[in-house]
Every structure is written in C-alpha cells, then in structure tokens.
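Me: I would like a close look at one part of this model. Please keep the answer plain and connected.

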Amino acid sequence: MELQQMRYVIAVAETSNFTRAAERCLVVQSALSHQIARLERELGARLFERTSRRVRLTPAGAAFLPAARQCLDAAERAAAEVAAAVGEVRGRLSVGLIPTVAAVDIPGALRDFRRKYPQVRIDLRVGASDDLVDQVTDGAIDVAFLGLPTTARPQGVAVHELARDRLVAVVAPDHPLASETLVNLHRLASEVFVDLPAGTAGRIQSDQAFAAAGLDRDVAFEVTSADYIARLVGPGLAVAMLPAAYAPQLTGVVTIEVTDAPARVEYVIWSRVGSTPAATAFLAVLGIPTHTGN
C-alpha cells in the first residue's frame, strides 16, 4: 500500500468523481484509476461504487477513508518535522475561523506567513466555534480563531485570548431606532431578529443576555453568515446583534450601542499535544509563542 494510492482514494471520495480527482492530483485519470484498482485488489474489497452519474464510497471504502487520512497526515507531519530540524518550514497549515473574527487581520497574517514560508500549503475553513474546537482536537485543523461568550472557554486545546468585545444592535437606516445613540435589551426584545443558528456559540451569548434580563425575543431568521445577517437587516426585515469590532465592516446598516449588551471573547487555539512546525511559525508571525497556551 502506497501513500500515493491513499491520496487518490481521498481525492475521489472528496470529489465523487474520478476525473476531478485526477485533476486535483495532477495525474491522468487512467493512472489514478489503475492505482485505485490495484489497491482494491490488494485489500480484497471494492472501495467505490461506480455509476454513470457519480462515485460513492462502499462500506469498505468508508471504513478505509479515516485511516487513510490519518496515515497521510502522519507522513506529511513527519516530513515537516524533518524539514524543521534542518531549518525549513514546509508542509500544510490549516486555519479555521468564524466569519466575525476582528481581533486579527487574518488575510494580512496569511499573506505575511506565505511570503516568509512559501513552501507551506495554506488551507482555510470557515465554521462555527464549537465545530472548530472539535476539528483542532481531532487534528483536522492546526489553528483556529473563535468567538465565545464570556461564560465559556475552549476545552481540550491550547488557548490564547486575543480580545474582548461587546455586541451592538444593527438596524436598517430607516428603522425608528436608527437615530438613537443608545438602546437596551428591553427595547430590542420587541423587534424581530435575525441571528445565527440556535445552539451555536455566536447565538448563545445573545440568548443568555435576553434570558438573564427575563426577556423573550423573536428570532424569525436563522442564517450562518454575518454578511447575510446584514443583507436581511438592511431592507428592514429584522434587527441583529453583532460584535462591535466587526460591525464597521458592514454596509447599508446602522449600529447602536446597547447599554446592557452581552460580551464575547475572541481566542486563537491550537493542539495541546504539540503544534506542527507550520502552526508554530504562523503563531509566531502573530506574536503568540505556543508554550503560552493552556
């Protein structure tokens, strides 16, 4: 069994298509198909069901895939560690973030990192804070940027606090509150809201604040993107609450300070069992030594 065969299997599984998988792996399709067929003979089981429309994993393929990913990750990390031992940083840097990160200029940091370490492949994923913690714990992501209520702190990972922020109200320019400089939760509770999905860290901070004040609110719209929240607020369909440091990036809406607003904390997290050389170098670009995480 060869590492290249595992790469081919992973590519087909992720694209559900032999042609696209071959393009991703920079090989001709016949070579990729031949290597997967050879691996299937070696394993004594078919890994894929091939139909005219798509390619799907068989139960054997689904069982094989996680171990294949772990083997590839281990091989890539071993190569990266050897390179680091002779003064080179290469391999992969996988970064995760929530859409409303404001404490760090992520694109700027990635630009500086790429200029300094051009041999590192950078992957970027956007997701919810809780999911990102799980992915860092599982080793799928090296470094992640989160926003959590002040009542929560990431567990099972190395943690560095970046900043604390309060939420502000976001309303349409022609909303009756648009001319106000301050508003409180009691006044906002009578409005229709757009917010992140229930149960997510970005939603919990607002839910907790209204509940603590003994207030109910109507969240009629649930979306996964802060940008789309603004798109619903702008026409006057709803109001929202978003981090004060992030809100200035939005256009077509008005922000208002909330006297009893909930707060959140932005963190950067990485693996407690040891960051990769690329992750360590990226955190150094941000001025964060990895030994400070706890």
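Which exposed residues does the face of helix 3 turned away from its buried side carry?

Reply: The model is a predicted one. In it, Ser30 and Arg41 are the exposed residues on the face of helix 3 turned away from its buried side.

The length of the helix can be checked first. Helix 3 covers residues 29-43, which is 15 residues. At 1.5 Å a residue these should span 21 Å, and the C-alpha atoms at the two ends are 21 Å apart, so the expected and computed values agree.

The buried side comes next. Leu32, Gln35, Ile36, Leu39 and Glu40 are the buried residues of helix 3. Viewed down the helix axis, the buried residues fall within an arc of 140°, and therefore they line one face of helix 3. The general background is that an α-helix has 3.6 residues a turn, so residues three or four places apart point the same way. Buried here means under 20% relative accessible area, while exposed means over 50%. By that division, Leu32 and Ile36 are among the buried residues, whereas Ser30 and Arg41 are exposed on the face turned away from them.

The end of the helix completes the description. Gly44 follows helix 3, and its phi is positive, near 75°.

Taken together, helix 3 has a span that agrees with its 15 residues, a buried face that includes Gln35, Leu39 and Glu40, and an opposite-turned face with the exposed Ser30 and Arg41.

Key. Residues numbered from 1 in each chain as written. Predicted model: local features only at pLDDT ≥ 70, side-chain atom pairs only at ≥ 80, totals over all residues. Heavy atoms only, no water. Helix = DSSP H or I, 4+ residues; strand = E, 2+ residues; numbered from the N terminus. Expected span 1.5 Å × (residues − 1). Buried < 20%, exposed > 50% of the residue type's maximum accessible area, 1.4 Å probe, protein only. Arc of directions from axis to C-beta.
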